[in-house]
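Thanks for sharing this one. Here are my notes on its side-chain contacts, as numbered points to read alongside the model.

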Amino acid sequence: MKKLLLCMFAVLSLLAPELEAGAPMDTFAGEPEVRAEEPALAAPSVSGALQVTGTQLCGADGNPVQLRGISTHGLAWYPEYVNEDCFRQLRQEWNVNVVRLALYTEEYGGYCSGGSQDALKALIDQGVSYAAAQDLYAIIDWHILSDGNPNRHLEEAKAFFQEVSAKYADCPNVLYEICNEPNGGVSWGEIKQYAETVAGIIRENAKDAVILVGTPNWSQYVDQAAADPITSYGNLMYTLHFYAATHTDALRKTMVSAIERGLPVFVSEYGICDASGNGAVDTAEAGKWVETMDQYGVSYIAWNLSNKAETSAVLNSSCTKTSGFTGDDLSASGKWLYQMLTSEKEPLPAAPLAEANPAEAAETPAASVPEGISCTAVLQNHWTSNGECFYHYTASVQNGGKTACDTWRVQAVFNGPVVLQDSWNGDFYIDGKTLHVTPKDYNRSIPAGGATGDIGFIVKGGNDLQLLCCV
């Protein structure tokens with residue numbers, strides 16, 4: 001507890017200008033510990049600095065612990081939820097014991113793509129401080145996504161983790177997630193090389209802090225890490241991500257098999273909808289995942305704490321609160337999460353559990369779109385994984401009119417059906433062969449003759465998929 005208080009003091013000292021303005025290292029080895037009973041709620045004041053023993057996350061005393069919590073959405077886009085009242089409610093009313101701070105790297109406003117690095121690091125400071133004050137663990141998440149290969153921003157990652165690991169070296173509540181979702185065909189060998197480099201930098205400062213390592217194909221191929229784990233450093237865990245309406249028995253079996261081979265697995269992101277973050281919720285599959293993770297003592301973190309108009313957000317898009325949430329403020333995902341974490345039958349005061357409305361994400365602004373709006377989309381990459389074909393596009397929207405526009409919408413029409421896998425810097429939904437895109441608040445306005453870029457999406461389709469037009 002003394003060390004935790006010292007950490008809080010150190011972080012608050014670092015934060016002062018911004019606030020005024022607004023264990024042993026065990027190598028990969030050992031048999032999995034299958035535990036049928038639910039573990040007691042871990043907390044920094046009770047469990048201290050965490051460590052990895054065999055396949056199990058443990059407290060400083062060596063007893064197994066399990067972290068269950070929630071991830072922010074991109075800090076650059078939804079910074080308002082990083083506040084102490086929100087974290088206090090999550091801890092006291094939701095039984096959350098960990099928050100994940102998602103620092104996007106390449107998307108609009110990302111750490112490596114023109115975002116204010118000082119402002120983003122200040123949000124990390126605040127998140128770590130508020131988490132410590134509320135007796136929560138905090139995961140600093142280097143949230144690669146559209147960049148695909150973590151080595152793309154290796155130098156930036158090295159500098160970032162050198163700085164933050166030195167800053168939080170004495171904070172027992174901090175964990176480091178060094179590459180969110182490697183994708184785009186990047187191999188485990190490439191990820192492993194990156195991880196060994198970045199882990200070495202963290203170890204210069206935070207000798208024993210737990211480090212989470214992403215795995216190939218959006219952190220799904222934990223079997224590849226199990227076959228060739230990192231042995232040069234201890235206190236490492238390997239991440240698996242799932243979305244219950246898309247990932248079912250096959251991925252669960254992959255996770256269990258990796259654990260039974262001795263791999264320490266941490267589910268640092270999951271949702272109960274499909275992999276696009278939208279669609280209907282699948283509570284039956286979600287329940288199977290929770291049962292399996294609890295059986296093996298796997299920690300798990302839900303995506304995401306925001307009011308984004310998508311199924312995976314735990315707040316309704318109409319909710320403008322940043323704390324003090326009630327049942328009426330929660331989406332179907334939020335109600336399920338609250339009930340699962342607390343074993344309560346009702347989701348806070350009022351409002352019964354309802355199924356997600358897939359059409360919610362399809363809503364478009366009422367404002368009219370002026371003439372002269374056009375769109376350009378470029379195929380950046382495509383690959384095949386497990387017999388399925390994926391296509392990564394970037395797009396920009398141009399205003400060729402004579403007046404500024406305060407909204408826009410575009411349609412990308414393909415030659416066959418597509419399934420949205422990921423997207424950024426817009427609100428997206430699929431209607432058969434057509435992808436519809438509407439703006440976020442921050443890229444809604446385009447001056448006459450101007451453009452907005454950095455819009456991106458990944459779709460799954462046939463092996464001969466082509467984009468016919470973007471209008």
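1. Aromatic pairs first: the structure holds 23 of them, where rings of Phe, Tyr and Trp (its six-membered ring) pair if their centres lie within 6.5 Å, and planes under 30 degrees apart count as stacked, over 60 as edge-to-face and the rest as tilted. Please keep in mind that this is a predicted model, in which local features need pLDDT of at least 70 and side-chain atom pairs count only at pLDDT 80 or more, while totals for chains, interfaces and linings use all residues. Residues are numbered from 1 along each chain as its sequence is written, and side-chain values use heavy atoms, with hydrogens and water left out.

2. Have a look at Tyr 393 and Phe 414: their ring centres are 5.8 Å apart and their planes meet at 70 degrees, so this pair is edge-to-face. Tyr 393 belongs to strand 12 (residues 388–399) and Phe 414 to strand 13 (residues 410–414), so the contact links distant parts of the chain, 21 residues apart; strands (E, at least two residues) and helices (H or I, at least four) are DSSP runs, numbered from the N terminus. Both Tyr 393 and Phe 414 are buried, where buried means under 20% relative accessible area, exposed over 50%, and partly exposed in between (1.4 Å probe, protein chains only).

3. Ring pairs also gather Tyr 111, Trp 142, Phe 160, Phe 161 and Tyr 176 into a cluster.

4. On to charges: the whole structure has 18 salt bridges, each a side-chain nitrogen of Lys or Arg within 4 Å of a carboxyl oxygen of Asp or Glu. One of them joins Glu 269 to Arg 100, with the closest N and O atoms 3.1 Å apart. Glu 269 is in strand 9 (residues 265–271) and Arg 100 in strand 4 (residues 98–104), so the bridge ties together parts 169 residues apart in sequence. Glu 269 is buried at 4% relative accessible area, and Arg 100 is buried at 0%.

5. What separates Lys 158 from Glu 155 in helix 5? About one helical turn, because the two residues are three apart in helix 5 (residues 154–167). Their side chains meet in a salt bridge of 3.4 Å, N to O. Lys 158 is partly exposed at 25%, whereas Glu 155 is exposed at 52%.

6. Lys 308 and Glu 310 form another salt bridge, at 3.3 Å between the closest N and O atoms. Lys 308 is buried at 10% relative accessibility, and Glu 310 is buried at 9%.
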